[in-house]
Amino acid sequence: MRHGSLDPRRPPPPPAPGRGRGTSNLPNPGSFDSLHRQCKDVFPVQMEGVKVTVNKELSSHFKASHTVIMSALGLPGYQFSTTYVGSSEWGPGECYPVLLGEMDSSGSLNAQCSHRLTEHIRTKAVFQTQQDRFVNWQLDTEYRGDDFTATLTLGHPNLPNTSGVAVAHFLQSVWGGLALGGELVLHRHAGTHGAILTAAGRYTGENWVATLNVGQGGAHASYYHRANRQVQVGVEFEASTRTRETSCSFAYQLTLPRTSTVFRACADSNWVVVVVVVVVVVVMVVPACADSNCVVVVVVVVVVC
């Protein structure tokens, strides 16, 4: 037998690492809630007025911020928020647990706690109050495999009254940049119950992302494109079977790094135009010691036509 030929009496060699049946070369698709996130981040927040935010890093784990909102449509508002990031590091820029808290001038509170229990399991709890009333709370559990993500969410469960909302998500990387999944919503309240099923798909190109959700409640499609480092555009289309209405919107974002300025604008089929100018001003606080932190002031000006 010549050198290099295979002997039929011997078993074949084991597969190379990472190419066996139990492994996958496909990437993790991320969470189901982030399917349209890249496109939505291009759209500006619809408000009319000025918002000033002052961020202060108190330590490597804790920071606080103050926000003042001045609008011609209502009274001025104030928000105070804090963020704590733990020391359990799971990757570059990914540390747990993460605690977020925000309270406005009316006394309403929004709190959130995120933690990574294992390499694949993450949990999150969200609590909301409106002045002196407890409004909502929800618990999320997410399992991230090598090429899929499964999530279970319980929203405002009431065991004595057997009411609440349960949402199950599943997203699977199929081929290259293609990911497919679905959402199942089960709700029960005051003797009524129902279920809503939605299918979703996303394709990620080199500098663009196309996403589509289709279900009993309607359809939601989005397209995100990054032209270069400064320019990003997004298009959204939504159709609801309940209200029998459709809407289409277009947005773009222009970033000027040298002046720390971001321009955002959008227009929809209802002839609503929103223009946002974000200016970041870094103010150096120089106390007696050299280890001084920076206070970042963000000014947002929004004009709605």
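Helices (H or I, at least four residues) and strands (E, at least two) are taken here as DSSP runs, numbered from the N terminus. With that settled, I opened this predicted model and started my notes.

**Overall make-up**

I looked up the secondary structure before anything else: the protein chain has 18 strands and one helix. Next came burial, and I found that 26% of the 305 residues in the protein chain count as buried. For the accessible surface of the protein chain I noted about 19800 Å², with 60% of that belonging to carbon and sulfur atoms. I also checked how contacts are spread along the sequence. Among contacts between residues at least 6 apart, 31% join residues at least 24 apart.

**A cis peptide**

Which residues does a cis peptide bond join? I found Y96 and P97, with omega at about -5°. I then looked for the proline's place and saw that P97 lies in strand 4, residues 94-104.

**Positive phi outside glycine**

I went to R244 next. R244 is not a glycine, yet its phi is positive, at about 55°. I placed R244 in the loop between strand 14 and strand 15 (245-256). Is R244 buried or exposed? I have R244 down as exposed because its relative accessible area is 75%, and the cut-off for exposed is over 50%.

W271 also went into the notebook. Its phi is near 65°, a positive value in a residue other than glycine. I located W271 in the loop between strand 16 (261-268) and strand 17 (273-284). The relative accessibility of W271 is 76%, so this tryptophan counts as exposed.

**The loop at R229**

Where does R229 sit? I traced R229 to the loop that runs between strand 13 (218-226) and strand 14 (231-240). R229 has 72% relative accessibility and therefore counts as exposed. I also checked R229 against L256: the two are 27 residues apart along the chain, and their C-alpha atoms are separated by 9.5 Å.

**Cysteines**

How many disulfides does the structure hold? I counted zero. I still wanted to know how two of the cysteines are covered. C39 has 2% relative accessibility, so I wrote it down as buried; the limit for that class is under 20%. C113 comes to a relative accessible area of 32%, and I therefore entered C113 as partly exposed.

How values were computed. Residues are numbered from 1 along each chain as its sequence is written. This is a predicted model: local features need pLDDT of at least 70, side-chain atom pairs count only at pLDDT 80 or more; totals for chains, interfaces and linings use all residues. Side-chain values use heavy atoms; hydrogens and water are left out. Buried means under 20% relative accessible area, exposed over 50%, partly exposed in between (1.4 Å probe, protein chains only). Contact means heavy atoms within 4.5 Å. Accessible areas come from the Shrake-Rupley method with a 1.4 Å probe; for residues, only the protein chains shown count as cover. A disulfide is a pair of cysteine sulfur atoms within 2.5 Å.
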